[in-house]
Amino acid sequence: GRDFGDLHRRRLGGGGLWLIVLGGSWPYFERMLDANERPRLLAGIALVEQGSVRIDGANAHGLALGPDVARARDGTLVPNKPPGATLVASAAWLALEARHALSGAAIDRRGYSLLARALGALLPTLLLAFALWRRERANDEAPAHVDFALLAWLLATPAWANAKLLFGHSLAAALLGGGLLLLTPRDAPLRPARAALAGLLCASAITVEYTAVFAGPAIAIWLLVHFARRWRVLAAALAGALGPIVGLALYHQAVFGSPWTTGYHRAAHDEFAAVHGRGLLGLQWPSLASAWEHLLSPWGGALIWCPLALLGLLAGAWAARTEARPESRARHALFAAVGLSLFAVLLGLEQGGGWRVGPRYFVIGLPLAVPGL
């Protein structure tokens with residue numbers, strides 16, 4: 001009984017430590033409100049109050065819009081990002097309006113921004129951390145290894161900074177990571193209902209961050225290899241994924257006039273339009289310049305900012321061949337394949353500069369290194 005009590009207290013203490021470290025220090029300076037967040041926050045208000053994502057004119061609320069905007073088909077300005085994080089911002093605005101109706105508490109930009117960040121970044125990161133912690137504790141007989149891997153992801157990578165910002169990267173990481181965990185149950189076969197939910201979560205990551213789409217081929221190949229004879233599982237995973245994809249296409253149709261047109265195709269900022277006009281929306285084959293930018297540079301290189309994450313993905317690929325349990329090999333193969341695919345895409349990304357901590361476009365793949373670590 002005493003040992004169980006000590007263990008229980010240590011677990012609660014560890015969870016409290018994550019919450020304190022990740023969310024306890026959260027400065028807010030309105031003049032530094034980033035152009036990446038600003039359109040989402042404004043669109044969240046507009047969606048609740050007017051049923052649109054237009055953010056110019058009166059909907060700008062006196063804020064400079066910055067470069068992360070696009071031209072809708074009617075010529076108005078909208079966010080150039082997919083709408084997933086905007087929906088979270090809308091939920092934050094609705095919560096503050098409800099509180100105002102009940103208690104008369106004023107709604108200010110600071111409270112709105114912090115609540116949107118909490119719902120769209122901090123909370124999803126902590127939920128994914130808890131899910132990974134439970135799964136890895138069940139798989140590993142040495143709890144210290146699990147604690148190290150989780151803390152390495154949370155505190156020794158750009159995940160720490162992005163968990164405090166409504167940039168979408170943390171939310172996309174949580175959706176994708178949660179979906180992959182569902183695809184790899186520990187001691188039970190994958191059921192169609194679970195596969196459908198996994199497909200829903202993984203595809204929902206694309207509605208937050210477009211680059212999540214490049215996880216799709218690795219997931220599809222993994223499913224075909226492991227469930228080639230279980231067509232119900234394959235059909236359920238595909239059906240679950242179609243919902244968010246169709247929803248995103250309908251959003252593109254309504255806002256930009258075509259299901260195939262994204263905000264990056266209609267970028268209103270000349271420099272952004274030039275970058276996204278090259279290759280596949282700014283994505284090209286890796287070059288020496290892009291490899292330096294995303295792999296080695298002091299300001300954004302993955303080997304500088306999160307070397308343990310790359311080590312974890314490589315270790316996961318190795319474990320996919322050497323682990324004794326088939327289910328463990330399958331899990332490592334899925335996480336490593338998706339993580340390394342996303343990293344390969346990062347190396348071809350022409351987009352550089354901007355406000356960031358390290359390779360923020362790889363935040364979506366960072367938690368996938370935890371099993372390997």
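Helices here are DSSP runs of H or I with at least four residues, numbered from the N terminus. With that in hand, His-332 belongs to helix 15. Everything below comes from a predicted model.

**View 1. The whole fold, with its 15 helices and two strands.** The radius of gyration is 21 Å, close to the 21 Å that the globule rule gives for 373 residues, so the protein is as compact as a globular protein of that length. If you'd rather think in box dimensions, the C-alpha trace spans about 60 × 50 × 45 Å along its principal axes. Of the 373 residues, 51% are buried. Take the contacts with a separation of 6 or more: 72% of them link residues 24 or more positions apart. As for the surface, about 17,400 Å² is exposed, and carbon and sulfur atoms supply 66% of that area.

**View 2. Helix 12 crossing helix 15.** Two packed helices are described by the angle between their axes and the distance between the axes. For helix 12 (residues 288-296) and helix 15 (residues 326-347), the axes come within 8 Å and cross at roughly 130°. Helix 12 is therefore oblique to helix 15. Which residues in helix 12 meet helix 15? They are Ser-290, Ala-291, His-294 and Leu-295, and what they meet in helix 15 is Phe-343, Leu-346 and Leu-347. Sorted by type, the residues of this contact come out as five nonpolar, two polar and no charged.

**View 3. His-332, elsewhere in helix 15.** Is His-332 buried or exposed? His-332 counts as buried because its relative accessibility is 6%, and the cut-off for buried is under 20%. Ignore its neighbours within four places in sequence, and His-332 is in contact with Gly-316, Ala-319, Ala-320, Glu-323, Pro-371 and Gly-372.

**View 4. Thr-322 in helix 14.** Helix 14 covers residues 307-322. Thr-322 has 43% relative accessibility, so it counts as partly exposed. For a sense of scale, pick Ala-161: Thr-322 and Ala-161 are 161 residues apart in sequence, and their C-alpha atoms are 34 Å apart in space.

**View 5. Ala-60 and His-61 in the loop between helix 2 and strand 1.** The loop runs between helix 2 (38-50) and strand 1 (69-71). Start with the backbone: most residues other than glycine have a negative phi. His-61 is not a glycine, yet its phi is positive, at about 50°. With a relative accessible area of 38%, His-61 is partly exposed, whereas Ala-60 counts as buried at 9% relative accessibility. What does Ala-60 touch, not counting residues up to four places away in sequence? The list is Leu-42, Ile-55 and Leu-65. Looking further afield, Ala-60 and Leu-242 are 182 residues apart along the chain, with 33 Å between their C-alpha atoms.

**View 6. Ala-159 in helix 6.** Helix 6 spans residues 159-162. Ala-159 is buried, with a relative accessible area of 4%. Leave out its neighbours within four places in sequence and you find Ala-159 in contact with Trp-153, Leu-154 and Leu-366. Ala-173 sits 14 residues away from Ala-159 along the chain, and 9.4 Å separates the two C-alpha atoms.

Note on methods. Residues are numbered from 1 along each chain as its sequence is written. This is a predicted model: local features need pLDDT of at least 70, side-chain atom pairs count only at pLDDT 80 or more; totals for chains, interfaces and linings use all residues. Side-chain values use heavy atoms; hydrogens and water are left out. Axes are lines fitted to C-alpha atoms, for helices over the stretch in contact, and angles run from 0 to 180 degrees between N-to-C directions. Angles under 35 degrees count as roughly parallel, over 145 as roughly antiparallel, 65 to 115 as roughly perpendicular and the rest as oblique. Contact means heavy atoms within 4.5 Å. Ala, Val, Leu, Ile, Met, Phe, Trp, Tyr, Cys and Pro count as nonpolar, Asp, Glu, Lys and Arg as charged, and the others, Gly among them, as polar. The radius of gyration is taken over C-alpha atoms; the globule rule is 2.2 Å times the number of residues to the power 0.38. Buried means under 20% relative accessible area, exposed over 50%, partly exposed in between (1.4 Å probe, protein chains only). Accessible areas come from the Shrake-Rupley method with a 1.4 Å probe; for residues, only the protein chains shown count as cover.
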